[in-house]
Each structure stands twice: as C-alpha cells, then as structure tokens.
Amino acid sequence: MYRFFVPVENVEGERIRITGDDVNHAKNVLRMSVGEKVVVSCGQGVDYYCIIDFIRENQIGLRIEEEKAAVTELPVAITLFQALPKRDKMELVIQKAVELGAAEIVPVQTRRCVVRLDERKADRKLVRWRAIAEAAAKQSGRGVIPRISEIMSFAEALNYAEQMDTVLIPYELYEDMADSMETMRKAAGGSSIGIFIGPEGGFERGEIEQAMGRGAFPLSLGKRILRTETAGMAALSVLMFLIEGQKER
C-alpha cells in the first residue's frame, strides 16, 4: 500500500484528508481511485489503514479502517551530524539515513568542508533535502518524517549534541575495534545517540580533540578509509542492528 503523511489536524475522528502536493501525486502519478487502500501517518507513532472515500480537485477523503502502532521507528533517537559533502552527496546521505532509521539529520559546516553555502543557497538546499527525507520516509515505511535541521557550525552542533545520551565520532586514526563495538553496544541501550561524520578529508585533529573534550567517544569503522557518504551509513547500520536486536530479546 502507498503511504502518505498528513498534518495532525487532517485527522478528524474516523476521517482523514490528504491535501497539498500529495493530491496531484495520488491522482495523476499513482492513478489512485475510490476504494483503494492506503496507509497514513501524521508523525504521532500511529499508522492509519484507510480506504479512499472520494477524490476531489484539492483533497482526497479517506475513511479509517484500522489503527496500529507504528513498528518501523527505532526506540533510540539517532541524530546524524553530517559534515557538508561536495556536489549532491548530501541527498544520498539523507535518503539512506532515513531508510536506516535516523530521527534527525544535521548538516554541519566543519573546517575542511569544501562546500560553503550562503543563506539563500542554504534555504534552497533545505527545501530540497526535506523533500528527499519525506520521499524516503514514504518509501521505507517510516512512521515519521525525520527532521532535517538548518546548517550548524561544528561548535553549534557540539552544543546541540550535549542533550544526547551518547555522542560518537568515527575517526580513521582510532584503531581499537573491540572498544568501538563495546561503545556502540552501550550506546544502543540508551535513548538518544549523536553521530558526527566528517567531510572529504576528514575532521581536523583539533576538531576530534574538541569533540572528545565534550564527551564524544571516538570510533573505528574498520581498517579501510570510508568516503563521507559511506561512513554514516556504516555506523547507522551497526547501530540499527544492535538496537533492534536488543528490542527483540
């Protein structure tokens, strides 16, 4: 079944309204018709299984047949702090991070970032990135659309991460795999995790020391040097496996 996200105010008793761009998508791209079934979420941890009642020019009316708790959300909120990569790599990072269960993605401007966005370009990028997050959430069956925050400096990101139970920072010069795995296992047992991923060229040593001075744990992701768009996916994959493994016990 196709999945749609709606504002919470569009859920009214046993009825739900789909409005906005999704109306055109459902009518003219998906070619949906009255009687078809869809899944709807409003980001409150509940999936609504619905049947289409009517299709109009600017809205689609649904009747709720069943409500179920969303089972696709991780019980641990993971925030990916991704240093701005070159070209369109951020789009891939966001798409895959959403698929792997991240609750939030924070674009970060670090010292070695080649990309420098002025306010106007940053605003355009955020619109695009948020649309990608929504599409990825629909495709992967997420119960919420992960938040894409505004771009932060490295210092701002460290301040933001202080609220999280555990902060992790993969670093290519840290080689203790056994300690890294134990750190990730402990992090998976908390309620929130922040992961800092460097840009092409990695973090500067001073940034690693700054993060560790604020309580971040260094990690090894193996003996190979990973691209910036790969490192976050590797860390998220391991954490997702550990978190969902604990949940099933």
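A residue is called partly exposed when its relative accessible area lies between the limits for buried, under 20%, and exposed, over 50%. Glu65, at 45% relative accessibility, therefore counts as partly exposed in this structure. The model described here is predicted.

Salt bridges were examined across the model, and the count comes to 18. One of them is formed by the side chains of Lys37 and Glu65, with a nitrogen-to-oxygen distance of 3.8 Å. Lys37 belongs to strand β4 (residues 37–41) and Glu65 to strand β6 (residues 60–69), so this salt bridge ties together parts that are 28 residues apart in sequence. Like Glu65, which is partly exposed, Lys37 falls in the partly exposed class, because its relative accessible area is 46%.

A second salt bridge joins the side chains of Arg142 and Glu73, with 2.7 Å from N to O. This pair links distant parts of the chain, 69 residues apart: Arg142 is in the loop between α3 and β9 (147–148), and Glu73 is in the loop between β6 and β7 (77–83). Arg142 has a relative accessibility of 2% and so counts as buried.

In a third salt bridge, the side chains of Arg214 and Glu162 meet at 2.9 Å, N to O. Arg214 is located in the loop between α6 (205–213) and β13 (217–219), and Glu162 in the loop between α4 (154–161) and β11 (166–170), so the pair ties together parts that are 52 residues apart in sequence. The partners fall in separate accessibility classes: Arg214 is partly exposed, with a relative accessible area of 36%, whereas Glu162 is exposed, with a relative accessible area of 53%. Salt bridges that share partners also join Arg15, Asp53 and Arg63 into one network.

Side chains of opposite charge can pair when their charged atoms come close. Some charged residues of the model are instead part of a surface patch. Asp118, Glu119, Asp123 and Glu150 form a negative surface patch. Within this patch, Asp118 is placed in the loop between β8 (104–109) and α3 (119–140). Its relative accessibility is 41%, and Asp118 therefore counts as partly exposed. Membership of a patch requires over 30% relative accessible area and no salt bridge.

Helix α1 spans residues 21–29, and Asp22, Val23 and Ala26 are buried in this helix. Viewed down the axis of α1, the buried residues fall within an arc of 110 degrees, so they line one face of the helix. The face turned away from this buried side carries the exposed residues Asp21 and Val29. An α-helix has 3.6 residues a turn, so residues three or four places apart point the same way.

Two residues of the loops were noted for their backbone angles. Most residues other than glycine have a negative phi. Arg31, however, has a phi near 55 degrees, a positive value in a residue other than glycine. Arg31 is situated in the loop between α1 and β4 and is exposed, with a relative accessible area of 62%. For Arg87, phi is likewise positive and near 55 degrees. The loop between β7 and α2 holds Arg87, which counts as exposed at 62% relative accessibility.

The loop between β7 and α2 (89–99) also contains Asp88. With a relative accessible area of 48%, Asp88 is partly exposed. The C-alpha atoms of Asp88 and Lys125 are separated by 9.9 Å, and these residues are 37 apart along the chain.

Further C-alpha distances were obtained for Cys50 and Glu36. Cys50 is part of strand β5 (residues 46–55) and is buried, with a relative accessible area of 0%. Its C-alpha atom is separated by 9.6 Å from that of Gly61, which is 11 residues apart from Cys50 along the chain. Glu36 is found in the loop between α1 and β4 and is partly exposed, with a relative accessible area of 27%. Glu36 and Ser191 are 155 residues apart in sequence, and their C-alpha atoms are 38 Å apart in space.

Terms used. Residues are numbered from 1 along each chain as its sequence is written. This is a predicted model: local features need pLDDT of at least 70, side-chain atom pairs count only at pLDDT 80 or more; totals for chains, interfaces and linings use all residues. Side-chain values use heavy atoms; hydrogens and water are left out. Patches are made of residues with over 30% relative accessible area and no salt bridge: like charges are joined within 9 Å, nonpolar side chains (Val, Leu, Ile, Met, Phe, Trp, Tyr) within 5 Å. Accessible areas come from the Shrake-Rupley method with a 1.4 Å probe; for residues, only the protein chains shown count as cover. A salt bridge is a side-chain nitrogen of Lys or Arg within 4 Å of a carboxyl oxygen of Asp or Glu. Lys and Arg count as positive and Asp and Glu as negative; His and the chain ends are not counted. The place of a charge is taken as NZ of Lys, CZ of Arg, CG of Asp or CD of Glu. Helices (H or I, at least four residues) and strands (E, at least two) are DSSP runs, numbered from the N terminus. Buried means under 20% relative accessible area, exposed over 50%, partly exposed in between (1.4 Å probe, protein chains only). The arc is that of the directions from the helix axis to the C-beta atoms.
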